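Good morning, and thank you for joining. Please keep the model in view while I speak.

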Amino acid sequence: EDIHWLDGMLLIIITAITIFVMALLLICIVRYNRRANPNPARFTHNQPLEVAWTVIPIIILVFIGAFSLPVLFNQLEIPEGDVTVKITGFQWRWKYEYVEDDLNFISSLDPESNAARQLEAGEDPANVDNYLLEVDNPLVLPADTKIKFLITADDVIHSWWVPALGWKRDAIPGFINEAWTEIKEPGIYRGQCAELCGKDHGFMPIVLHVLPRDEYVAWVVHQQDQLAAN
């Protein structure tokens with residue numbers, strides 16, 4: 001939420017600056033062209049103007065920094081999560097490991113999307129819901145819970161990106177990147193690998209199923225029971 005708010009604020013500031021600069025440029029084009037102003041002024045500088053165009057950008061940058069630095073530092077200060085998930089990317093899947101609950105599984109492109117992209121059995125991509133954005137095993141997470149992510153890769157560089165979370169992290173072989181989130185609203189959130197990781201890069205989606213806390217606990221118990229039964 002903080003990242004999205006900051007992005008919106010910066011968009012307003014940048015838009016205002018762009019409009020102001022374009023207006024000045026238009027005034028110069030119309031008022032000071034050769035036809036409208038055949039005898040141009042000969043002065044070489046304007047001290048008040050030069051001070052203004054130096055001081056005003058500094059004030060704008062300080063204003064932006066006052067709001068953006070706390071948000072960015074908060075994003076980088078990884079709290080101890082109630083749930084820790086290790087994410088490992090490899091061509092062209094994600095492996096999810098729930099550290100506290102000793103659960104793990106691999107998430108791949110949904111078979112229906114995979115068949116449609118290869119035009120198998122006459123499948124039409126237009127008839128597939130969430131084409132190329134669905135998986136066989138989504139990552140299930142609890143709402144209103146601090147979740148810590150440990151992100152790495154087994155082969156090449158990948159990048160775990162869910163836009164609604166407001167950040168992405170590179171998955172680098174031999175290195176662990178950390179991130180965290182606290183998702184307020186249960187629901188389905190979608191993302192993709194944001195790194196060009198090979199010829200099937202476009203078929204490496206991410207799906208989060210965020211459940212209310214009690215439903216998540218029931219899901220974990222069910223997964224553990226299935227694992228014990230097998």
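I shall speak about one helix and then about two sheets.

This is a predicted model, in which local features need pLDDT of at least 70 and side-chain atom pairs count only at pLDDT 80 or more, while totals for chains, interfaces and linings use all residues. Residues are numbered from 1 along each chain as its sequence is written, and side-chain values use heavy atoms, with hydrogens and water left out. Helices (H or I, at least four residues) and strands (E, at least two) are DSSP runs, numbered from the N terminus.

Let me begin with helix α2. Residues 47–76 make up this helix of 30 residues, and 42 Å separate its first C-alpha from its last, close to the 44 Å expected at 1.5 Å a residue; that expected span is 1.5 Å times one less than the number of residues. At S68, α2 bends by about 30 degrees, and the proline P70 follows within four residues. The bend is the angle between axes fitted to the seven residues ending at a residue and the seven starting there.

S68 is also buried, as are I64, G65, V71 and Q75 of α2; buried means under 20% relative accessible area, with a 1.4 Å probe and protein chains only. The cover over the buried residues of α2 includes α1 (2–31), β7 (167–171) and β8 (177–181), where contact means heavy atoms within 4.5 Å.

I turn now to the sheets. In one open sheet, five strands follow the order β3-β2-β1-β5-β8 with mixed pairing; two strands pair if DSSP finds at least two bridges between them. Because β3 (103–107) and β8 are edge strands with a single partner each, one side of each is left without a neighbour in the sheet. Within this sheet, β1 (residues 83–90) and β5 (residues 147–153) are parallel and share seven bridges. T88 has T152 in β5 as its bridge partner.

Which order do the strands of the other open sheet of five take? The order is β4-β10-β9-β6-β7, and the pairing is mixed. At its edges stand β4 (139–142) and β7, each pairing on one side only. β4 runs parallel to β10 (residues 205–211), joined to it by four bridges, and P142 stands opposite L211 in β10.

Helix α4 packs on this sheet, touching β4 and β10, and makes about 135 degrees with the direction of β4. Helix α4 (residues 213–229) also lies across β1, β2 (93–98) and β3, at about 90 degrees to β3. For these angles, axes are lines fitted to C-alpha atoms, for helices over the stretch in contact, and values run from 0 to 180 degrees between N-to-C directions.

Notes: Buried < 20%, exposed > 50% of the residue type's maximum accessible area, 1.4 Å probe, protein only.
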